[in-house]
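Work through the exercises below with the model in view, and compare each step of the solutions with your own reading.

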Amino acid sequence: MAENDDTPLREEASRWREQLVEFVDQIRSPLPERAQLSPLQQEHRKITGGLLVQFFEFLQETVDEELYPQLEDHPLEERLFLMISDEAGMHAADELMDTDSEQAFCILKQEWRAFLESPNTDDDEAFVHHYQFWSVWHQNIPAEWDMPALDPEYDWWVHEEGFALADRAGRGAQHLWRWDGDEFELFEEELSSWSS
């Protein structure tokens, strides 16, 4: 049952959201303005935004209890939508969704990691209170990727993206991108991926 008339979130999901927001408020630094993002971050923002639109379309057109029976006990509309990203992704979210909604919360990847690592928080590993979408960028190329030496003239970026709707209901992938200072292009798609 929802906590009040303003949100369809279950009471437990609303309490979990409050705990998450209180935790993040203690550690969050001000985000740069969109105009302050670097050209590379602007590319990250566009790609993350495109994936976020695809995810919302997927939710509207594809997701049902027949495909994901786990949703019968924990419907998406009664849980918090959590977007995990970086500064560029936060700007993408601001452009595409109501980030002030009680039904959604956007969080930086380092804030989410801190929340998960804290001994005083509930990670909701079973996805009873939330479901999530992530799009994060980094330059830590996994050692297990069997790749030839990468051209040092480029900056190489790993893009990790995916979603989890419930326990054992989601997908994720890692892609390799390259940046030459002007052009940002996909070099190798789905160097690793999973689905459940």
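**Exercise 1.** Determine what span is expected for helix 1 (residues 11-27) and how far apart its end C-alpha atoms are.

*Solution.* The expected span is 1.5 Å times one less than the number of residues. For the 17 residues of helix 1 this gives 24 Å, and the end C-alpha atoms lie 25 Å apart, which agrees. Helices here are DSSP runs of H or I with at least four residues, and strands are runs of E with at least two, numbered from the N terminus. The model is predicted, local features need pLDDT of at least 70, side-chain atom pairs count only at pLDDT 80 or more, and totals for chains, interfaces and linings use all residues. Residues are numbered from 1 along each chain as its sequence is written, and side-chain values use heavy atoms, with hydrogens and water left out.

**Exercise 2.** Find which residues of helix 1 are buried.

*Solution.* Buried means under 20% relative accessible area, exposed over 50%, and partly exposed in between, with a 1.4 Å probe and protein chains only. In helix 1 the buried residues are Ala 13, Ser 14, Trp 16, Arg 17, Leu 20, Val 21, Phe 23 and Val 24. An α-helix has 3.6 residues a turn, so residues three or four places apart point the same way.

**Exercise 3.** Locate Asp 124 and Phe 127, and state whether each is buried or exposed.

*Solution.* Asp 124 lies in the loop between helix 4 (109-117) and strand 5 (130-138), and Phe 127 is also found in the loop between helix 4 and strand 5. Asp 124 is buried because its relative accessible area is 4%, and Phe 127 counts as buried at 13%. Phi is near 50° for Asp 124 and about 60° for Phe 127.
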